[in-house]
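Colleague: Please take a close look at the pocket linings in this model, and give me one connected account of which residues they are made of.

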Amino acid sequence: MNYTFNIDKEFDLIAIGRACIDLNANEYNRPMEETMTFTKYVGGSPANVAIGSAKLGLKVGFIGKLADDQHGRFIESYMREAGVDTSNMIIDQEGHKTGLAFTEIKSPEECSILMYRDNVADLHLAPSELDEEYIKKSKILLVSGTALAKSPSREAVLKAVSLAKRNDVKVVFELDYRPYTWNSIEETSVYYSLVAEQSDILIGTRDEYNVMENTAKGTNEETVRYLFKHSADLVVIKHGVEGSCAYAKSGAIFTAKSYKTKVLKTFGAGDSYASAFLYALVRGKGIESALKFGSASASIVVSKHSSSEAMPVAEEIEGLIAERV
């Protein structure tokens, strides 16, 4: 079963939200207190999805706000060289800084992230800085949940969703829940629900949907029933090593297993999943194939040191799927 987009659009995907710096521990199997060296990469869920999609061959743009500093210039340069259109990246003029994420790799099962997210530039993207003409050029507007955590980024995203709906652009909501960015689960639930009800495609883990619904034990059936009362026509729910499911509004249900790999770290899996899933969907490979692409891509990225740098090309994903049939 295929998913259809407006083929007359110039861009396949435009992402909006966070672009920051990941500093990944070079020393494995030790706590951050004892880690002395880190390697710098571009990070942030929507930035990673944009980079991953561009590496797969989609025409991709990005809307975000970058600090006017060395880190901001690194992010813009890296994303541009990866094939992402950066013409709608706004340079902050008020002294806000680039967000930093230090990662700790104690073991494949024990990975944590220490985030510096106070007064960061990406959360100061203002509604007035959006260009409707740019958004209307895309098949997909990809929204990431973290951008909803603070104003004015929150209002900018809500406006971007409204502009997308007005211009026949599919809204994809990648839930990307980061508890340290929010004041409470109640607050998260309010804004996640607001965007979820306007989204055409949603991608998240079972735990993230529970946060959206402000419940401890939500079920896939309840989630899908709620979302299908609104704009959604495709809901993807990830269950970690158990694989993922996609529910179509037609009633069709698709499943894909996860692909076993030698896990180095757990972060980056969700971003690589989303980029490959959307790539396959845009390329008309069908929903079931898209789930496989997402799972295979996540498997590749968790076996490598970075997130953005490790995003695979299509041949790698196709090779892994063929190998594991």
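Modeller: The lining of the second largest pocket divides into four nonpolar, four polar and three charged residues (Ala, Val, Leu, Ile, Met, Phe, Trp, Tyr, Cys and Pro count as nonpolar, Asp, Glu, Lys and Arg as charged, the others as polar). This is a predicted model, in which local features need pLDDT of at least 70 and side-chain atom pairs pLDDT 80 or more, while totals for linings use all residues. Residues are numbered from 1 along each chain, and side-chain values use heavy atoms, without hydrogens or water.

That lining consists of Arg117, Asp118, Asn119, Val120, Leu123, His124, Lys150, Ser151, Tyr180, Thr181 and Trp182, around a volume of about 160 Å³. A pocket here is an open set of points on a 1 Å grid with protein on both sides within 12 Å along at least five of seven lines, and lining residues have an atom within 4 Å of a point.

The largest pocket has a volume of about 1200 Å³ and is lined by 46 residues, with Thr266, Phe267, Ala269, Gly270 and Val302 nearest its centre. Its lining comprises 16 nonpolar, 20 polar and ten charged residues, and among the elements that each supply at least two of them are strand 2 (20–25), helix 1 (45–55), helix 8 (269–282) and helix 9 (287–302).

Ala269, named above as lying nearest the centre of the largest pocket, also belongs to the helix 8 residues that meet helix 9, as do Ser272, Tyr273 and Ala276, while the helix 9 side includes Ile287, Ala290, Leu291 and Val302 (contact means heavy atoms within 4.5 Å). The residues of this contact divide into 14 nonpolar, four polar and no charged.

Definitions and conventions: 1 Å grid on protein atoms, 1.4 Å probe; cavity = no way out; pocket = protein on both sides within 12 Å on 5 of 7 lines; lining within 4 Å. Points joined across faces, edges and corners; volume = space filled by probe spheres on them. Helix = DSSP H or I, 4+ residues; strand = E, 2+ residues; numbered from the N terminus.
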